[in-house]
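Me: Could you walk me through this structure with a few questions and answers? I would like to see it first.

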Amino acid sequence: MTKDQKNNNLYQAKNAWTEMEEVERNEVFAFNEKYAKFLTENKTEREFASAAVVELEAAGFKNINEYEKLEKGDKFYVENRSRALLAAVIGEKDLKEGLKIVGSHIDSPRLDLKPNPLYEDGEMAMFKTHYYGGVKKYQWVTMPLALHGVVVKDDGSQIEIKIGEKEEDPVFFISDVLPHLGKKQMKKSMTEGISGEQLNVVVGSIPVADEEAKDKIKTAVLNHLQAEYDFKEEDFISADLQIVPAFKTRDAGFDRALLAGYGHDDRVCSYTALEAILDVQNPEYTSVLLLMDREEVGSMGSTGMQSHFFEDQVANLVDLYYDDYSELIVRKVMQNSKVLSADVSAAYDPDFAEVYAKHNSAYLGKGIVVSKYTGARGKAGASEASAEFMGEIRGIFNKAGVIWQTAELGKIDEGGGGTIAQFLANYNMDVVDCGPAVLSMHSPYEVVSKADVYHSYLAYNVFLEK
């Protein structure tokens, strides 16, 4: 056996940068420049879904309601409550042979305003928040914050809010105790150092001149909101308002190989999957993009993966494709479908090496991560891809030159995580988790490799095409 033959028998994930020629490297940087701009401008699931619809329509996708019949080559989308989205390109093969689906989620950890958020204390007006998803609460203090969302008035009219992103905008802020007075806080665990009820956002400090006003600073803030945005305090009750970091997505490192920004989990997968289906041409199987909400809190709710939205849209697709609809056809379509559950993995961090299984970890710059299973400890809370499907995915990626690696989330007993894979697998589909590695996942400022972002796009595109 020659040396080359011996090396061919070894598995070793490749560093994507060393595999690139200059032309491809330029493509990687150009693709990530667009992604960084998109991520900076769309920090909520509503904003992402709305921007995705704009891109889909520009590429010839139509609202499904515009079709009376679906045929090969047709492109459509359907939006769910402005927070979830399905788009598809009808392929060459009959629907009964299954769909090719890339499914991800567009929600990210954040702070939501409580239904009655505004109060006054200590000569300041404050917003009460309720954190959403798995956050380290201490990471959200003493940084510039922005307010994004929509306010729905009782007449049904809507007010779009985005404050803190422009250079001329004010930002918002959550305080922390100064170290001089922090003796007791410093003795607490990191979990207890900042409590959920302490995540209160400073929003004003100038009182109204009216001496008879009860809460002068709160009143001043309400007067400002009325004058500037035409909404009153009761309107908070019917609002989706989120506090998010007021950071731009920026290049990181001297070589600019990394991208730092808020919401990579899981908008890095959602964006690359969106771009992948936009570039699909004449697919063999019907290609489907699935962008869901609520994954960070268990995928419950009408816009989450546990809702009937996906199932309903497959039924709608079948109804528009076949002359004779039947529930049996719907079930055949779903059980013959194949899915990439597009979600991120944890990038190996040498500063916290003790929580990673080094030989089964994902590394920045080594391409998209294929995870046979996720879950926690004893593989709880997740599906597991079959050996046959893993082999199929390897074959697709290898043939197309996609750089990929395989990994678990961390050491077995350290914890774990789940994705939407388990809910799609409930339809008897082949599903595997597949997305780039993220450093500092769930923090307000996450980091990804530009090479991994680009190879995620390539992976999703070739999967949808073939």
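Me: In which strand is the place of Q158?
Reply: Happy to start there, with a word on the source: this is a predicted model, in which local features need pLDDT of at least 70 and side-chain atom pairs count only at pLDDT 80 or more, while totals for chains, interfaces and linings use all residues. Residues are numbered from 1 along each chain as its sequence is written, and side-chain values use heavy atoms, with hydrogens and water left out. Strands here are DSSP runs (E, at least two residues) and helices likewise (H or I, at least four), numbered from the N terminus. By that count, Q158 belongs to strand β8.

Me: Which residues is Q158 in contact with, leaving aside its neighbours within four places in sequence?
Reply: Contact means heavy atoms within 4.5 Å. F231 is 73 residues from Q158 along the chain, and their C-alpha atoms are separated by 9.8 Å. With the neighbours within four places set aside, the contacts of Q158 are V150, V151 and V152.

Me: In what order do the seven strands of the open sheet run?
Reply: Strands of a sheet pair through backbone hydrogen bonds, either parallel or antiparallel. Two strands are taken to pair if DSSP finds at least two bridges between them. In this open sheet the pairing is antiparallel, and the order is β8-β7-β11-β5-β6-β10-β9.

Me: Which are the edge strands?
Reply: An edge strand of this sheet pairs on one side only. That description fits β8 (158–163) and β9 (173–174).

Me: What is the bridge partner of A125 in β10?
Reply: Strand β6 (residues 124–132) pairs with β10 (residues 201–204) in the antiparallel sense, over three bridges. F127 has V201 as its bridge partner in β10. For A125, the partner in β10 is G204.

Me: Which residue in β10 does F173 stand opposite?
Reply: β9 and β10 run antiparallel and are joined by two bridges. Opposite F173, in β10, stands V202.

Me: How far apart are the C-alpha centres of domain 1 and domain 2?
Reply: The domain bounds come from an automatic or database domain assignment. Domain 1 covers 9–106 + 261–463, and domain 2 covers 110–243. Between their C-alpha centres the distance is 34 Å.

Me: What area is buried between domain 1 and domain 2?
Reply: The size of an interface is often given as the accessible area lost when the parts come together. Here buried area is the accessible area (1.4 Å probe) that two parts lose on being put together, summed over both. Carbon and sulfur atoms give 45% of the total, which is about 1300 Å².

Me: Which three residues supply 33% of the area that domain 1 buries against domain 2?
Reply: In the interface, 16 residues of domain 1 are in contact with 13 residues of domain 2. The 33% share is more than any other three residues supply, and it comes from R46, H442 and P444.

Me: With which residue does R46 form a salt bridge?
Reply: A salt bridge is a side-chain nitrogen of Lys or Arg within 4 Å of a carboxyl oxygen of Asp or Glu. Four salt bridges are counted between domain 1 and domain 2. R46 forms a salt bridge whose closest N and O atoms are 2.9 Å apart, and the partner is D240.

Me: Which helix links to R83 through E45?
Reply: The whole structure holds 23 salt bridges. In the one between R83 and E45, the closest N and O atoms are 2.6 Å apart. R83 sits in the loop between β2 (75–80) and β3 (84–89), 38 residues from E45, which is in helix α3.

Me: Which residue is joined to D265 by a cis peptide bond?
Reply: The omega of this bond is about 10°. The partner is found in helix α7 (residues 264–278). The residue joined to D265 is D266.
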